[in-house]
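Reader: Could you walk me through this structure and explain the terms as they come up?

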Amino acid sequence: MRIMKRITDMNDSEIVESIQSRRLTICVIGIGRIGLPTALSFANSGLSTVGIDINEKLVNSINSGNFPLKDEPGYDVIFDKVINEKKFRATSNFSEGVNSSDVIVLSLPTPMNEKNIPDYSALLSVAQKLHDEMFDGKLIIIESTVEPNFVEKNFLEILEGNDKKLKLGNHFGLGVCPETANPGQILNDFEILPRLVGAMDNHTQNLITKIYKHVFTVDLIPMPNCKTANAVKLTTNVFRDLNIAFINELALIFEKSGIDIMTVLEAAKTKYNFQVHYPSVGVGGPCLPVNSYQMINFAKNFTSKTFGLVENGRKINEKMPFHTVNLLEDALNEINLSLSGSTILVLGVSYKPDVKDIQLSPVEKVIEILKSNGVNVLIYDPYFKNSEIFGIKSLEDFVSHLKNCDGLIIATAHKDFHNLESKFLKSKMKNPVVIDSKNIIDQHLAKNAGLIYRGIGRGKL
Ligand SMILES: NC(=O)c1ccc[n+]([C@@H]2O[C@H](COP(=O)([O-])OP(=O)(O)OC[C@H]3O[C@@H](n4cnc5c(N)ncnc54)[C@H](O)[C@@H]3O)[C@@H](O)[C@H]2O)c1
């Protein structure tokens, strides 16, 4: 039986003592891309940590010693260490995991539905379970990305419940620490990116700050409340989504006007206050597209108008897969081929380079458009070999298939594709059409080698 004081009742010296004596226990609910590295960092700091997940296959695999995130450098070593030291375990037993812990960190998915409305059902169902099954005295920290006011209204309402079995302040503390790490470099980001700490009261904010300071060496920025912390997280990602949309739209214009967007961007970035973004096949992943729709959804509460700027940005970014296929069609036409009946190789399915992640990848849309136009689609991605992706079995190796290809689309800028040489492609492909949605091939070398090349925002040479 644990005899430690309830964490919510601890004063400064008691919380510090519970951390230093390693008696403080942590539970992370949702041990996916962000939650697992988070849980491993807590465990690596010496605090006993349990990860709860509804995915039993994942739980069993982790408990058998298999680290699932092979594309997260550094965490494989930490995983082996904390499993050996018995500082970390996974479970699908919600009640046991929660009630054996003092601190409950939520890293649950916050996607959107097919109508682009944010879907907070995972967080809300966990709020209900916490209401039903959690003992009192716990500190709850939401790391998931949510729109402002979600925590203090929707989440809290369910957590407390109509019966007021649990009352904020009396029975639990609640705060947020929105996660901002980038997949593929989470350990690096956890070591350099400041974290925002917002809470429902000062005492809770102080507790969270003390605990996170022990685990993470970065600056912890106090926020006046939860909604401001969540607003910061959305603002940074919507800023990025919108800037990419601006560059994508410029790319569409420049392409027709004989101006090369890459030349423009290289020169523009020499100006100290220009932050460079690049055009491409679109914007994917669980963050940027979703966060823009979360911001749009949030804004609806305060204005009768729509958040037009963000909505238009989304429309442009969502148009880019169609534009990519238009470029392909144009290039095929140049050699009297059409989309229908052609064989096209798509290189890369991940939404970003060098990660194994296809969440909301714009490449899915490209493949859908190609298929609906009667294209025979082949796909290759070094992170997804021989697997069923977007309804197609991916190739083990693509080089031997080039002889059957009328064209290829570079859809993800994985490191492996940066070495592609124009001469090599020309010598191997049945027809030398190359659509470079990441602008990683030298346009002049492509032309000299005889490729029928199109980059996004580059026009014809
Ligand atoms: N992936 C990113 O790039 C990134 C970066 C920063 C912030 N975020 C945010 O972090 C949060 C988590 O994202 P992620 O990418 O780690 O998601 P993920 O899908 O990789 O992981 C979520 C995990 O939660 C589990 N889960 C779902 N419902 C559950 C439930 N009811 N009970 C227990 N477990 C449940 C899933 O099985 C999964 O393992 C999201 O809000 C996301 O927006 C993600």
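Author: Let me begin with a term for sheets: two strands pair if DSSP finds at least two bridges between them. Strands (E, at least two residues) and helices (H or I, at least four residues) are DSSP runs, numbered from the N terminus. This is a predicted model, in which local features need pLDDT of at least 70 and side-chain atom pairs count only at pLDDT 80 or more, while totals for chains, interfaces and linings use all residues. Residues are numbered from 1 along each chain as its sequence is written, and side-chain values use heavy atoms, with hydrogens and water left out.

Reader: OK, so how many bridges join strand 4 to strand 5?

Author: Four bridges join strand 4 (residues 103-106) to strand 5 (residues 138-142), and these two strands run parallel. Within this pair, Leu106 stands opposite Ile142 of strand 5.

Reader: And what order do the strands of the open sheet have?

Author: The open sheet has eight strands in the order 3-2-1-4-5-6-7-8, and its pairing is mixed. Strand 3 (88-91) and strand 8 (220-222) stand at the edges with a single partner strand each, so one side of each is left without a neighbour in the sheet.

Reader: Which strands does helix 6 touch?

Author: Helix 6 (residues 121-133) packs on the sheet and touches strand 1 (26-29), strand 4 and strand 5, where contact means heavy atoms within 4.5 Å. The direction of helix 6 makes about 160° with that of strand 4; such angles run from 0 to 180 degrees between N-to-C directions, and axes are lines fitted to C-alpha atoms, for helices over the stretch in contact.

Reader: What about helix 10, which strands does it lie across?

Author: Helix 10 lies across strand 6 (172-176) and strand 7 (195-199), and runs at about 150° to strand 7.

Reader: At what angle do helix 10 and helix 11 pack?

Author: Helix 10 (residues 226-257) and helix 11 (residues 261-268) pack at an angle of about 130°, with their axes 10 Å apart. That makes helix 10 oblique to helix 11, because angles under 35 degrees count as roughly parallel, over 145 as roughly antiparallel, 65 to 115 as roughly perpendicular and the rest as oblique.

Reader: Which residues meet there?

Author: From helix 10, Ile247, Leu250, Ala251 and Phe254 meet Ile261, Val264 and Leu265 of helix 11.

Reader: Switching topic, how far apart are the axes of helix 1 and helix 9?

Author: The axes of helix 1 (residues 12-20) and helix 9 (residues 202-215) are 10 Å apart, and the two helices pack at about 30°. Helix 1 is therefore roughly parallel to helix 9.
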